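Thank you all for making time this morning; I would like to walk you through a structure that may be new to most of you. Please have a look at the sequence and the picture first, and then we will go through it piece by piece.

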Amino acid sequence: MSSRQLLPEEVGITVLGRLLLVGLGAGALIGGATGAVLGSGTAGGPWTEVYVYLGVVVGLFTGVLTQSVTALVVHLVHHRVAWGTVQRSALVPPVLASGVLAVLAGDPLPADLGLAGAVAAVSLAAVAAVATVRWCLAPYPRPRW
């Protein structure tokens, strides 16, 4: 099967689909890991796993919502700025959203545990964003200026 050139109207949908796919996968993993970090400071028992499950569910929702915002930002700026700026603009929403959400979730917990959750979420989101940004934005044609 040979690949074909995407039509201009297919490029945006393809990028959105790739971003949403990454949002689902990375959101679940980052949410579960952050939930595990935040739940590690609570009293043991059956409630420790609840933090992980809640983290996965919140991560799925947040990943999809954040990547929708990322797709909108990239779609608006990809013709107006240099390609490196487009790639960097795609890195900001996931890292920002994961940090804000982890700080809000860790607020009622002890300060050091909330900070550990925020650091875990931001670092995992940054790694996932950097690792997948080129693949997600590959369908866009590169500007020639």
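Let me begin with one pair of helices, α2 and α3, whose crossing is right-handed. Before going further I should say that what you see is a predicted model, and that everything I describe is computed from it. The axes of α2 and α3 lie 9 Å apart, and the two helices pack at an angle of about 150°. An angle over 145° counts as roughly antiparallel, and α2 is therefore roughly antiparallel to α3. On the α2 side, the contact is made by Val58, Thr62, Thr66, Gln67, Thr70, Val73, Val74 and Val77, and these meet Val86, Ser89, Ala90, Pro93, Pro94, Ala97 and Leu101 in α3. If we sort the residues of this contact by class, 10 are nonpolar, five are polar and none is charged.

Let me now step back to the chain as a whole. How many helices and how many strands are there in the chain? There are four helices and zero strands, so to speak a pattern of α-α-α-α when read along the sequence. The C-alpha trace spans about 55 × 35 × 20 Å along its principal axes.

The next pair to consider is α3 and α4, which pack at an angle of about 155°, with 8 Å between their axes. That angle makes α3 roughly antiparallel to α4, and the crossing of these two helices is right-handed. Among the residues that α3 brings to the contact are Trp83, Val86, Gln87, Ala90, Leu91 and Pro94, while α4 contributes residues including Gly114, Gly117, Ala118, Ala121, Val122 and Arg134. By class, the contact of α3 with α4 divides into 17 nonpolar residues, six polar residues and one charged residue.

The third pair brings together helix α1, which covers residues 8–39, and helix α4, which covers residues 111–137; they pack at an angle of about 160°, and their axes are 9 Å apart. As a result, α1 and α4 are roughly antiparallel to each other, and their crossing is right-handed. In the contact of α1 with α4 there are 19 nonpolar, four polar and one charged residues.

With the helices in place, we can turn to the pockets. The largest pocket has a volume of about 550 Å³. Which residues lie nearest the centre of the largest pocket? They are Ile30, Gly31, Gly59, Ser98 and Leu101, out of 36 residues that line it. Two or more lining residues come from each of α1, α2, α3 and α4, where α2 runs over 48–77 and α3 over 83–106. You may remember Leu101 from the contact of α2 with α3. By class, the lining of the largest pocket has 22 nonpolar residues, 14 polar residues and no charged ones.

The second largest pocket holds about 200 Å³ of space. Its lining is made up of Gln5, Leu6, Leu7, Pro8, Val11, Gly12, His75, His78, His79, Pro139, Tyr140 and Pro141. The largest share of that lining, three residues, comes from α1. Sorted by class, the lining of the second largest pocket has seven nonpolar and five polar residues, and no charged residues.

That brings me to the end of the tour, and I am happy to go back to any part of the picture.

Definitions and conventions:
Residues are numbered from 1 along each chain as its sequence is written. This is a predicted model: local features need pLDDT of at least 70, side-chain atom pairs count only at pLDDT 80 or more; totals for chains, interfaces and linings use all residues. Side-chain values use heavy atoms; hydrogens and water are left out. Axes are lines fitted to C-alpha atoms, for helices over the stretch in contact, and angles run from 0 to 180 degrees between N-to-C directions. Angles under 35 degrees count as roughly parallel, over 145 as roughly antiparallel, 65 to 115 as roughly perpendicular and the rest as oblique. A crossing is left-handed if the near helix is turned anticlockwise from the far one by less than a right angle, and right-handed if clockwise. Ala, Val, Leu, Ile, Met, Phe, Trp, Tyr, Cys and Pro count as nonpolar, Asp, Glu, Lys and Arg as charged, and the others, Gly among them, as polar. On a 1 Å grid over the protein atoms alone, a cavity is a set of points where a 1.4 Å probe fits but cannot get out, and a pocket is an open set with protein on both sides within 12 Å along at least five of seven lines; lining residues have an atom within 4 Å of a point. Grid points are joined across faces, edges and corners, and a volume is the space filled by probe spheres set on the points. Contact means heavy atoms within 4.5 Å.
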